[in-house]
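This report describes selected features of one protein model. The structure and its sequence are shown first.

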Amino acid sequence: MPLALVSKPDAPAPILEEVTLPRLGPGDLRVAVTAASVDPVDTLFAGGPARAIFGLTGTVGLGWSLTGVVTETGAEVTGFSVGDPVAAAHSDFTAPVRAHAEETVVPAAVAALLPDVLDPVGAASLPLNALTAAQMVDRLGPADGRTLLVTGAAGAVGGYAVALAAHAGWTVTGLARESDRDFVLRAGARALVTQMPGPSFDAVVDGAVLHAAALGAVRDGGTFVGVMSASPATSERGIEVGILSVQPDGARLADLLALAASGVLELRVAGQVPLAEAATAYDKVAGGGQRGRWLLVP
C-alpha cells in the first residue's frame, strides 16, 4: 500500500502512514506522484484550524499541488493515457489521500498534461498558486490601460499575479521588500514599492492577504480582489470587492503550464525533501518568508 501524509483529529502535525487508495471512478486518474508542493493552506489543515472551519472529524489526506505519472485511467477518461506526465490540483479536502502521497487519485477534469520542457519536480510548485493568481487577475476584467497593485508580489501567488497581469496588459506595481526588487521587476512589474501607498490604483490583487490594509491603495470606484480570510475586506468608497476561493480547472492549468514552458511564469522552488521528512517542509512553510515552494518528493 502507498504511503501518504494524513491529518488526524487532535494530532498537531501530519502523520505518514500506509493508506488504501479510493476506488477509481469513471472520470478519475490514478497517479504515481513525482512531487507535491507544501502550501500555507496545507499547514492549516495539518495543524487544526481548517479542520474546525470545514467540520472535518476523521482522518483526511493532505496536499493540493502535484505532478506525477498516470498509472490508470477511468473508463470515461479521454485525453490522458497511462504513462502521461501530468500536473493537478487536488481540491477535495475530505479525501483520504491527496497530493502528499506516493500515489493518489484525482479527477481528470482537474489535471493537465505536463509540457516536456518543464522540470516535473519543480512544476509541482505551480498548480494551486498559479490557478489562484490567474483567477484573481481574471476577476479584474480587461486591463484597458488600468493600473494594478499586487501585494505580496514576491510570494508564490503574488509573483504569478504580477506576471499574469503584466502579460494581460496591466501596468503593474508590486508591493514587496527591497531585496525582492529583481524578481518583481523580472516578473513584469513596472515598479516596486515597499510601503502601502494611498488610494492611487485602479485595482489591487491582494496576494499578501492584507484585506482592509490593502483596500486603502484602491482609488474610489476601483476593484479589489483577495482570497478568503477570517477578516475579509468589505466595500467602501464605491470599490468593488471580490473574495475568491480557488477552483481547480484542468483546462486553465494547461494554459498556465504552457506559460511556464514559454518563460512567462517562473517556477520557484525553495527546497525539496523526501516525503518521509515532510515535517521539515511544513515547518518552513508555517514559519513564512519563503521564496518559492517547498516540495515533497516520494
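The sections below treat a sheet, the nonpolar cores, a residue in strand 10, and charged side chains in turn.

## The sheet around strand 1

The model is a predicted one. Within it, three strands are arranged as an open sheet in the order 2-1-4, with antiparallel pairing. Strand 2 and strand 4 are the edge strands, each of them pairing on one side only.

Strand 1 (residues 3-7) is largely enclosed by the rest of the structure, because four of its five residues are buried. Its antiparallel pairing with strand 2 (residues 15-18) extends over four bridges. Leu-5 has Leu-16 as its bridge partner in strand 2, and Val-6 has Ile-15 as its bridge partner in that strand. The antiparallel pairing of strand 1 with strand 4 (residues 60-61) rests on two bridges. Here the bridge partner of Val-6 is Gly-61. Val-6 thus has a bridge partner in strand 2, Ile-15, and a bridge partner in strand 4, Gly-61.

## Nonpolar cores

The largest nonpolar core comprises 46 residues, and the members with the most contacts inside it are Leu-126, Leu-148, Leu-256 and Leu-265. Several helices and strands supply at least two residues each to this core: strand 6 (85-89), helix 3 (127-139), strand 9 (147-151), helix 4 (156-167), helix 5 (181-187), strand 12 (201-206) and helix 7 (250-261).

Leu-265 illustrates the packing. When residues up to four places away in sequence are not counted, Leu-265 touches Leu-126, Tyr-160, Ala-163, Leu-164, Leu-256, Leu-259 and Ala-260. Apart from the largest core lies another core, of 16 residues, which includes Val-38, Ala-50, Leu-56 and Val-285.

## Thr-173 in strand 10

Strand 10 (residues 171-175) contains Thr-173. Is Thr-173 buried or exposed? Its relative accessibility is 11%, so Thr-173 counts as buried, the cut-off for this class being under 20%. With neighbours within four places in sequence left aside, the residues in contact with Thr-173 are Leu-148, Leu-149, Val-150, Ala-191, Val-193 and Phe-201. One of these contacts, Leu-148, is also among the residues with the most contacts inside the largest nonpolar core.

## Salt bridges and a charge over a ring

How many salt bridges does the structure hold? There are eleven salt bridges. Three of the pairs are listed here.

| Salt bridge | N to O distance |
|---|---|
| Arg-293 and Asp-39 | 2.7 Å |
| Glu-178 and Arg-181 | 2.7 Å |
| Glu-236 and Arg-237 | 3.4 Å |

The pair of Arg-293 and Asp-39 links distant parts of the chain, the two residues being 254 residues apart. Arg-293 belongs to strand 16 (residues 293-297), while Asp-39 is in the loop between strand 3 (28-38) and helix 1 (40-47). Both partners fall in the buried class: Arg-293 has a relative accessible area of 11% and is therefore buried, and Asp-39 counts as buried because its relative accessibility is 1%.

Glu-178 and Arg-181 form a salt bridge between partly exposed residues. The relative accessibility of Glu-178 is 45%, which places this residue in the partly exposed class. Arg-181 is likewise partly exposed, with a relative accessible area of 29%.

The salt bridge between Glu-236 and Arg-237 belongs to a network of salt bridges that links Asp-220, Glu-236 and Arg-237. Glu-236 counts as partly exposed, at 37% relative accessibility.

A further arrangement involves an arginine and an aromatic ring. The charged end of Arg-268 sits over the ring of Phe-183, at 3.7 Å from the centre of that ring.

## Positive phi in loop residues

Two residues other than glycine have a positive phi: Asp-144, at about 50°, and Arg-237, near 55°. Asp-144 is located in the loop between helix 3 and strand 9. With a relative accessibility of 68%, Asp-144 counts as exposed. Arg-237 is placed in the loop between strand 13 (218-227) and strand 14 (240-244). Its relative accessibility is 33%, and Arg-237 therefore counts as partly exposed. Arg-237 thus has a positive phi and takes part in the salt-bridge network with Asp-220 and Glu-236.

Notes
Residues are numbered from 1 along each chain as its sequence is written. This is a predicted model: local features need pLDDT of at least 70, side-chain atom pairs count only at pLDDT 80 or more; totals for chains, interfaces and linings use all residues. Side-chain values use heavy atoms; hydrogens and water are left out. Buried means under 20% relative accessible area, exposed over 50%, partly exposed in between (1.4 Å probe, protein chains only). Two strands pair if DSSP finds at least two bridges between them. A nonpolar core is a set of buried Ala, Val, Leu, Ile, Met, Phe, Trp, Tyr and Cys residues joined through side-chain atoms within 4.5 Å. Contact means heavy atoms within 4.5 Å. A charge sits over a ring if NZ of Lys or CZ of Arg is within 6 Å of the ring centre and within 35 degrees of the ring normal. A salt bridge is a side-chain nitrogen of Lys or Arg within 4 Å of a carboxyl oxygen of Asp or Glu.
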